[in-house]
Amino acid sequence: MKTLFVMFRPKYVNTYEPALRLLAERGHSIHFTFSVGRSSTGRKQFDIGPLELLARDFPQQVTWDDDPPTRDPRDGWFGIAYGIRVLGDYVRYLHPRYADAVLLRERVAERVRRFAKARTLWWVLQRVSGAAASDRLLRIARDLERAVPPSARITDYVRTQAPDVVLVTPLVDVASDQAEFVKSANALGIPSAMCVNSWDNLTNKGVIRVDPDAVILWNEAQRDEAVELHGVDAEHVVVTGAQKFDEWFARSPSRDAETFKRAIGVDPAQPYILYVCSSRFIAADEDRFVERWLAAVREKLGPIGVVLRPHPENGRIWRDADVARFGNAVVYPPEGAEVTGEEQRADFFDSLAHSAAVVGINTSAMIEAAIVGRGVYTILAGEFRGTQEGTLHFRHLLHENGGILHVAGTLDEHVAQLAQGLAEGEGDVPAFVESFVRPFGLGTAAAPIVAQAIEDLATQPARGLVRTPRSRMLHALLAPVAAAQRRGAQPDDGVIGLGDRVLGKQLELELRRVRRASGRIVVGPWVGDTAEELLYWIPYVRRLADRLELDRSKLVAVSHGSVAPWYADICGDYVELDEDLRQRAFTGWRAEREQVRVETLERLGVTDSISPAAMRRLFKNFRAGRAPLEIVWEFAEHRLIGDGHAGSGVVLEEELAGQPRGTQLELVRECGLLIARPNGLAALGVAAGVTTVAVADGDWNEADVELMSHVAQRTGGVTFTLLDPEQLAFLRKLV
Amino acid sequence: MTPSRGPGQASGLRRAGFPVLWRLVEELRLERFVARRVIPRLRLAEPSAHAFAQARARLDGEARRIAAADGPVVVGPYLSEVGLELLYWVPFLRRLVHAYGIDPQRLVAVSRGGVGNWYDGICGSYADVFEVMGEDEFRDALEAGWAEQDGQKQFEVGTLDRHVIDKAGLRDADVLHPSSMFGLFSEYWLHRVALPSVLEHLEIAPFTTPSDPELEARLPDRYVAARFYFRETFPDTPESRALAARVLRELAQDGPVVLLDTGLVLDDHSSVPLPEGVELLRPLAGCDPAVNLHAQSVVLANADAFVGTYGGLCYLANAYGVPSYALVQPPARKLGLSHTPVARRLAEAAGTSLAIVPTTALDALAS
């Protein structure tokens with residue numbers, strides 16, 4: 001049997017590794033493909049560690065690629081499908097059960113606002129309320145999804161892979177196009193399944209928009225969610241238990257408590273509380289809350305140890321945290337760690353097993369704590385209301401729903417609960433663990449059940465594409481729209497689409513009114529990152545000012561970080577953007593950015609502006625790898641900032657940290673070589689005409705890197721190059 | 001296969017097209033109406049899109065015809081730059097064979113320097129130009145061909161190409177000429193087509209390791225392969241000479257260095273003079289031209305790393321899973337930056353890496 005497993009990213013291999021290992025041991029092969037590696041958004045690097053472990057043990061059976069196909073933008077259905085998906089995901093949050101889920105709803109609403117520029121549509125959506133209306137719209141969205149034909153490109157891919165089973169996880173990311181794989185599998189008559197990766201998947205993301213042959217999930221509670229919230233037929237649900245937690249039932253600590261405590265730096269004579277941090281979405285500024293929490297714990301519970309375990313996706317907030325001042329408290333691991341390799345797993349388990357109690361806001365580590373028999377505590381903090389009580393999955397943990405959480409409304413109440421729990425000592429594994437994690441009994445692992453479910457699936461006939469009379473009718477209505485889209489202005493064959501060129505011309509036309517303006521014209525405000533400002537925004541404004549023959553004395557650049565010299569050849573004046581405004585715009589939704597723009601214009605007493613939003617639209621296809629470099633050369637003009645570099649020696653990114661951006665560029669100009677990550681600082685080197693080595697240690701955008709290479713060569717006669725840390729080390733050795 | 005036209009014509013069409021029309025619209029003050037109401041409704045494309053689409057359609061027709069026929073097919077002769085052969089021509093053929101179900105046993109790769117190994121799994125047999133021509137005759141004919149085609153790229157079936165096919169006794173065979181590849185990708189090299197459109201036509205994969213027991217026996221167990229030669233991106237300047245010498249000296253202090261220099265002059269690249277007093281191995285000196293690229297392949301495939309001038313050899317090292325460090329002298333305006341994303345993918349496919357190193361960076365690091 002061959003399985004094609006479509007995953008969002010390789011991290012998900014961790015979840016299914018035991019089941020997949022069983023399949024491989026039985027001689028089955030598995031091919032993985034990862035959405036996050038798609039080249040449409042540039043070359044992304046990701047940790048394939050868990051996958052490599054599996055592939056090392058089963059080299060003949062485990063294969064992968066990181067460039068799965070997407071629907072061809074030229075097939076006409078691309079935009080329609082995206083619109084249907086994002087709107088479908090939004091309308092689920094109009095149901096009264098999500099009344100408190102403000103953040104969840106806003107997360108999808110922003111995507112809707114970006115897509116649905118038509119105010120009428122937005123006005124209508126704002127007025128939809130009630131369970132019946134939400135359910136009706138969801139049904140329409142499902143029929144619309146069925147009206148979209150399978151993508152030829154993805155169907156070809158699946159056909160070429162020739163799997164016996166197609167698995168997809170998580171499938172329900174907001175507006176996710178993973179549904180295309182299920183649809184193509186259905187069209188090819190290949191059985192498919194959605195694998196529910198985590199406890200929140202069915203309640204706080206998007207909806208299951210297509211009909212896989214099976215939905216493989218953890219427990220009866222999730223079965224109810226699949227049926228009630230996603231319209232899945234109950235007979236297509238397979239309950240297996242939570243295979244991702246199997247390991248914790250069998251594992252013992254890798255070292256004794258004293259050794260562990262010494263190793264991480266807490267007092268071995270004291271018990272410790274493990275604070276497990278939540279994801280960025282749940283608690284972005286958790287460090288501020290933890291500070292208050294730590295103070296309360298220290299005041300009431302004396303010298304007890306505290307171990308703060310950062311969430312791996314939000315580890316950076318702990319980089320400069322000083323928790324030592326609270327005494328007997330550590331952040332460990334310093335910036336969090338994915339629980340992937342053996343060492344990390346042992347670390348994670350030891351930290352749970354040797355703790356006296358576990359505290360958190362809303363994270364799956366709280367379930368893991370319950371598995372090892374630790375008391376689990378939380379505080380209903382006001383700042384996290386939207387991501388605690390406002391999420392349905394959090395409710396599984398509440399006592400009234402059979403959950404495990406000791407919930408407190410205030411810090412005082414919470415600390416009192418902790419004190420009582422610590423005094424009472426360890427308890428049994430709660431019944432919740434059996435019902436939620438191991439529904440077939442605490443002694444029954446989930447992985448073999450998952451493996452068996454996948455094998456069984458391969459022997460079942462596939463249900464094929466589901467089409468209803470209404471979906472056929474909707475297809476007939478949408479087909480002409482798709483045909484018009486096909487003929488429309490999408491980039492054709494990766495060449496500059498007429499759409500882009502016409503857009504460029506339209507922008508110029510719209511800006512001709514700016515030329516007629518009698519007063520000053522604001523260029524900006526720029527609140528974004530340095531790379532985009534230097535590579536796209538400033539060159540775009542320069543070309544525009546040339547083409548429209550704008551009176552430069554009227555142009556007022558508004559940006560941040562004391563960068564007046566960057567605009568010196570374009571604008572007659574420069575205004576530093578108020579930092580509060582910039583923060584609001586940088587971290588806020590699009591509406592917030594627009595508000596900041598309006599406020600900036602009001603403060604300056606100016607009515608006309610050249611807005612970065614138009615520039616973003618123009619270069620969007622290039623930055624996504626869909627349009628060629630020519631679009632940039634046509635609508636942007638790059639020049640060195642200042643007179644080029646005049647120095648020697650090497651400057652490292654770390655040496656520039658904390659300086660205003662304007663100062664950073666001056667410092668870069670004085671060196672002969674800049675070594676930085678391929679982000680804004682690398683763009684500074686290019687703009688200053690300095691040889692730049694970008695050291696890639698994470699995600700980077702291939703289009704930006706390509707542009708930096710060209711601009712460095714064109715304007716500064718220098719070279720921009722991308723190296724990895726190992727290559728840089730070799731070169732250092734060479735000289 | 002019908003030769004494709006060169007990039008110059010496409011460029012001319014493009015420049016003559018849209019801007020002129022737009023100027024007319026502007027003169028008539030119809031810009032807003034045309035931009036918003038007319039153009040989005042027309043099924044138009046850029047002239048460069050037409051050029052690319054035409055090349056692709058031609059290729060598709062030819063590939064279908066070849067797949068449907070039987071009998072031998074000459075794949076080549078490939079006589080252009082080594083780098084483009086590695087990055088584009090071989091992956092282009094691999095994709096073509098797989099996508100159209102062409103029987104590899106029918107394909108006869110024709111190239112030079114004994115590179116049959118590069119076509120493993122793609123072409124059933126291999127014929128070498130040096131089997132039918134001597135070294136001097138080839139070099140003279142090649143230079144004449146460059147003059148005939150205004151450059152090294154084979155946009156058309158040239159006199160030399162026909163001569164090679166005839167002499168190899170393949171006159172009656174069908175021909176899949178490199179012009180089909182050059183015609184398709186030239187718009188990309190001119191930045192008018194985005195990368196994904198090119199990648200659609202490539203199947204990038206590492207090469208199988210070549211074998212030459214006699215040569216391998218003369219190689220150390222562990223070594224770094226190196227070759228420095230002058231070209232536009234590494235011009236003949238005192239600084240380049242000094243840097244190459246310094247790098248070779250540093251490398252030799254750490255372990256054996258095997259030079260890829262053959263002493264042959266088969267293209268427009270001349271080698272950098274070697275530093276004195278440095279122990280450098282030259283197992284390829286006096287190498288037979290008919291196998292010179294094969295021999296370099298063997299040396300590269302067994303090396304720990306390659307260090308040298310940026311060019312085809314650094315791609316070749318990568319194709320064998322060997323990391324390469326390629327030096328360029330800024331501003332390196334002929335660097336061919338459009339090739340680097342493809343080169344990066346070749347390195348990734350082979351599980352290795354390519355470092356393009358500006359000499360100024362080395363100087364700065366040294367200081």
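Me: Two strands pair if DSSP finds at least two bridges between them. Over how many bridges do strand E9 (residues 305–309) of chain A and E10(A) pair?

Reply: This is a predicted model, in which local features need pLDDT (the predictor's confidence in each residue, from 0 to 100) of at least 70, side-chain atom pairs count only at pLDDT 80 or more, and totals for chains, interfaces and linings use all residues. Residues are numbered from 1 along each chain as its sequence is written, while chains are lettered from A and ligands numbered from 1 in the order in which they are written. Helices (H or I, at least four residues) and strands (E, at least two) are DSSP runs, numbered from the N terminus. A:Val307 has A:Val330 of E10(A) as its bridge partner, and the parallel pairing of E9 with E10(A) extends over a number of bridges equal to 3.

Me: Which strands of chain A are the edge strands of the sheet to which E10 belongs?

Reply: The open sheet of 6 strands runs in the order E10-E9-E8-E11-E12-E13 (chain A), with parallel pairing. An edge strand pairs on one side only, and in this sheet that describes strand E10 (329–331) and strand E13 (405–408) of chain A.

Me: By what average angle are neighbouring strands of this sheet turned against each other?

Reply: Strand axes are lines fitted to C-alpha atoms (for helices, over the stretch in contact), and angles run from 0 to 180 degrees between N-to-C directions. With direction ignored, the average turn between neighbouring strands of this chain A sheet is 25°.

Me: Which strands of chain B stand at the edges, each with a single partner strand?

Reply: The chain B sheet is open and parallel, with 5 strands in the order E7-E5-E9-E10-E11, and its twist averages 20° from one strand to the next. Within this sheet, 5 bridges join strand E10 (residues 324–328) to E11(B), and B:Leu327 stands opposite B:Val357 in E11(B). One side is left without a neighbour in the sheet for each of strand E7 (257–259) and strand E11 (354–358) of chain B.

Me: Within what arc do the buried residues of H27(A) fall, seen down its axis?

Reply: A residue is buried if 20 or more other C-beta atoms lie within 10 Å of its own, exposed if 12 or fewer, and partly exposed in between, with C-beta atoms placed from the backbone. In helix H27 (residues 661–669) of chain A, the buried residues are A:Arg661, A:Gln664, A:Leu665, A:Val668 and A:Arg669. Their cover includes helix H21 (530–547) and helix H28 (680–688) of chain A. The arc is that of the directions from the helix axis to the C-beta atoms, and the buried residues line one face of the helix because they fall within 135°.

Me: Which residues touch the most other members of the largest nonpolar core?

Reply: A nonpolar core is a set of buried Ala, Val, Leu, Ile, Met, Phe, Trp, Tyr and Cys residues joined through C-beta atoms within 7 Å. The largest share of this core, 11 residues, is supplied by helix H5 (residues 82–100) of chain B. The residues that B:Phe306 touches (C-beta atoms, placed from the backbone, within 7 Å) include B:Ala225, B:Leu313 and B:Tyr325, residues up to four places away in sequence being left out. Of the 184 core residues, those touching the most other members are B:Leu300 and B:Phe306.

Me: Does A:Leu144 count as buried or exposed?

Reply: A:Leu144 is found in helix H6 (residues 131–147) of chain A. Beyond residues up to four places away in sequence, A:Leu144 touches A:Ile84 and A:Leu474. Its C-beta neighbours inside 10 Å number 23, so A:Leu144 counts as buried.

Me: Does A:Glu726 count as buried or exposed?

Reply: A:Glu726 is found in helix H30 (residues 725–734) of chain A. Its C-alpha atom is separated by 9.5 Å from that of A:Val695, 31 residues apart along the chain. Because A:Glu726 has 10 C-beta neighbours inside 10 Å, it counts as exposed.

Me: What is the mean pLDDT of chain A?

Reply: Over residues 37–45 of chain A the pLDDT is below 50, and this stretch has 27 contacts in the model beyond near neighbours in sequence. In chain A, 91% of residues reach 70 or more, and the mean pLDDT is 86.

How values were computed: Contact = placed C-beta atoms within 7 Å.
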